[in-house]
Amino acid sequence: MCRGHGVWVLWKRRAMKISKNHIVRNKLAYARGERPAVDCILCAVALDDPLVDNLVIFRRDGWYITLNLYPYNPAHVMIVPERHCTDPRELSEEEALQMHRMQALTLNVLEREYRPDGFNIGYNVGRSSGASIDHLHLQIVPRYPSEVGFFDILSDSRVIVEEPRTTLKRLRAAFAEAEKDAKIMT
Ligand SMILES: [Zn+2]
């Protein structure tokens, strides 16, 4: 099984906006306004609304972790508060601590399951940030030494090594396993 050292490639032919070493939005159709008819996609996911794809991997205490539908890399996930807020300053101290714990858990699970060589972690806040969803979410993008570069993606020339549904299964199993392990549950 791929442990994250293989070449990752696009799983579907799609124009992408890539900015190396930054959290990027690569969902041009979405950005053009082709989106489900819900007020907020991440609120809809929180409520299990059938109008949106449910890629949730793990839920705890008013938070969920979901696979990014348009991943930059394998196991690109987002940590999301179930309540709608748009800026990290809106989080209470308790919520900020919960976010920190969800982040630590996620890094532990991703390291164990995918063996990445690094991570990009961040929020997009505000209109000019590149955020396509205003509901606060922390992006966690694992980085791999062998990942494809900008031109590989543009040329769409590689073979698929992991389809997102496979990633979803692996991560759901990995988080379920983590729940039994006090060492990585934070
Ligand atoms: Zn929302």
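**A five-stranded sheet and its helices**

In this predicted model, strand β2 pairs with strand β3 (residues 77–81) over 5 bridges, in the antiparallel sense. Within that pairing, W63 stands opposite P81 of β3. This is a good place to enter the structure, and the rest can be built outward from here.

Look next at the other neighbour of β2. Strand β1 (residues 56–60) is joined to β2 by 4 bridges, and the two strands run antiparallel. Two of the partners can be named. R60 has W63 as its bridge partner in β2, and F58 has I65. W63 therefore appears in both pairings: R60 is its bridge partner from β1, and P81 stands opposite W63 in β3. The hairpin of β1 and β2 has 2 residues between the strands. D61 takes a positive phi there, near 50°.

How buried is β2 itself? Of the 5 residues in this strand (residues 63–67), 5 are buried, so β2 is largely enclosed by the rest of the structure. Side-chain direction adds detail. In a regular strand, side chains alternate between the two faces of the sheet. In β2, W63, I65 and L67 point one way. Y64 and T66 point the other way. All of them are buried.

Now step back to the whole chain. The protein chain holds 5 helices and 5 strands. Along the sequence they follow the pattern α-α-β-β-β-α-β-β-α-α. The chain has 186 residues, and 28% of them count as buried. Contacts reach far along the sequence. Among those between residues at least 6 apart, 64% join residues at least 24 apart.

The strands form an open sheet of 5, in the order β1-β2-β3-β5-β4, with antiparallel pairing. β1 and β4 (118–122) are the edge strands, each pairing on one side only. From one strand to the next, the twist averages 15°. Strands of a sheet pair through backbone hydrogen bonds, either parallel or antiparallel. At the β4 edge, 5 bridges join β4 to strand β5 (residues 138–143), and these two run antiparallel. F119 stands opposite P142 of β5.

Which helices lie across the sheet? Helix α3 (residues 93–114) is one of them: it lies across β2, β3, β4 and β5. Its direction is at about 160° to β3. Helix α5 (residues 164–178) lies across β1 and β2, running at about 30° to β1.

α5 repays a closer look. This helix has 15 residues. From its first C-alpha to its last, α5 reaches 20 Å, close to the 21 Å expected at 1.5 Å a residue. Its buried residues are T167, L171, F175 and A178. They cover an arc of only 60° around the axis, which puts them on the same side of α5. On the other side, R165, K169, A173 and A176 are exposed. What covers the buried residues of α5? The cover includes β1, β2 and α3. F175 shows this at the level of residues. Leaving aside neighbours within four places in sequence, F175 is in contact with I57, F58 and V109.

F175 also leads into the nonpolar core. The largest such core has 29 residues. Those touching the most other members are I57, Y64, I65, V77, I79, V80 and F175. Several elements contribute: α2 (41–46), β1, β2, β3, α3, β5 and α5 each supply at least two residues. The largest share, 5 residues, comes from α3. Y64 and I65 are both among the most connected members, although they point opposite ways from β2.

One last stop lies outside the helices and strands. Y144 sits in the loop between β5 and α4 (150–155). Is Y144 buried or exposed? With 20 C-beta neighbours inside 10 Å, Y144 counts as buried. The chain also brings Y144 towards a distant stretch of sequence: N73 is 71 residues apart along the chain, with 8.4 Å between the two C-alpha atoms.

Note on methods
Residues are numbered from 1 along each chain as its sequence is written. This is a predicted model: local features need pLDDT of at least 70, side-chain atom pairs count only at pLDDT 80 or more; totals for chains, interfaces and linings use all residues. A residue is buried if 20 or more other C-beta atoms lie within 10 Å of its own, exposed if 12 or fewer, and partly exposed in between; C-beta atoms are placed from the backbone. Two strands pair if DSSP finds at least two bridges between them. Two residues are in contact if their C-beta atoms, placed from the backbone, lie within 7 Å. Axes are lines fitted to C-alpha atoms, for helices over the stretch in contact, and angles run from 0 to 180 degrees between N-to-C directions. A nonpolar core is a set of buried Ala, Val, Leu, Ile, Met, Phe, Trp, Tyr and Cys residues joined through C-beta atoms within 7 Å. The expected span of a helix is 1.5 Å times one less than its number of residues. The arc is that of the directions from the helix axis to the C-beta atoms.
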